[in-house]
Amino acid sequence: MKTKKTYKFFTIFQHEKEQDYLRNMHRSGWKFVKLSCLCAYHFKRCDPEDVIYQLDYNQEGIAHKDEYVKMFNDCGWEYLQDYAGYSYFRKPASETAGDEEIFCDDNSRLQMLERVYNGRILPLVFMFSCVLLPQFIISIAFDTYILTLLSGTGICMYVTIFILFARQYRKINRK
């Protein structure tokens, strides 16, 4: 049996691109098997088929895994794995009505973004306010240019992540 490993990095805001990537790989005859550390996607050779992949970020669902997985299985979604807070599901496109998603409306999409915000963005806010911002101020006060550069880079990364999240939230909220 042929296998393949690819390395791809998707941010927490690019779950739709990740879903599309997995779908395109399956269309090309590579069935997603698992995702392991360092963004390593493992695939197994299969007959090309149009399969829809969906991701859900739900720590509460993972905590009550049996009921959570059963709910999706009852709707025809095959549970694959959990990775970095996301749960991976798939379903053949032939068994769906159009572009079926695990989120049936914009409200449930917003709820997922709120779960991402609470699980990922809030810890970044904590890290920013307790570590990066004080370090940045101290490094400026003592003219340590390397620390200023490093902490300034961290602040820029934080602001970028926050802006990307806000855009995604507004995009779904406008629908």
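**Salt bridges and cores in a predicted model**

A search of the whole of this predicted model finds 5 salt bridges.

Q: Which residues are joined into one network by salt bridges that share partners?
A: The side chains of arginine 23 and aspartate 50 meet in a salt bridge with an N to O distance of 2.7 Å, and because arginine 23 lies in helix 1 while aspartate 50 sits in the loop between strand 3 and strand 4, this pair ties together parts that are 27 residues apart in sequence. Aspartate 50 also meets the side chain of arginine 27 in a salt bridge, at 3.0 Å, N to O. Through these shared partners the network consists of Arg23, Arg27 and Asp50.

Q: Is arginine 90, which meets glutamate 78 in a salt bridge, buried or exposed?
A: The side chains of glutamate 78 and arginine 90 meet at 2.9 Å, N to O, and glutamate 78 counts as partly exposed at 37% relative accessibility. Buried means under 20% relative accessible area, and arginine 90 has a value of 7%, so arginine 90 is buried.

Q: Which residue has its backbone nitrogen 2.6 Å from a polar atom of the side chain of glutamine 81?
A: Glutamine 81 lies in strand 5 and is buried, with a relative accessible area of 12%. Leaving out residues up to four places away in sequence, glutamine 81 touches Phe32, Val33, Lys34, Leu35, Tyr86, Ser87 and Tyr88. The backbone nitrogen at 2.6 Å belongs to leucine 35.

Q: Which element supplies the largest share of the largest nonpolar core?
A: This core has 22 residues, and among those touching the most other members are Phe32, Tyr86 and Tyr88. Helix 1, helix 4 and strand 4 are among the elements that each supply at least two residues. The largest share, 4 residues, comes from strand 4.

Technical notes:
Residues numbered from 1 in each chain as written. Predicted model: local features only at pLDDT ≥ 70, side-chain atom pairs only at ≥ 80, totals over all residues. Heavy atoms only, no water. Core = buried A, V, L, I, M, F, W, Y, C linked by side-chain atoms within 4.5 Å. Buried < 20%, exposed > 50% of the residue type's maximum accessible area, 1.4 Å probe, protein only. Polar contact = N/O pair within 3.5 Å; in protein donor to acceptor, adjacent residues only side chain to side chain. Contact = heavy atoms within 4.5 Å. Salt bridge = Lys/Arg side-chain N within 4 Å of Asp/Glu carboxyl O.
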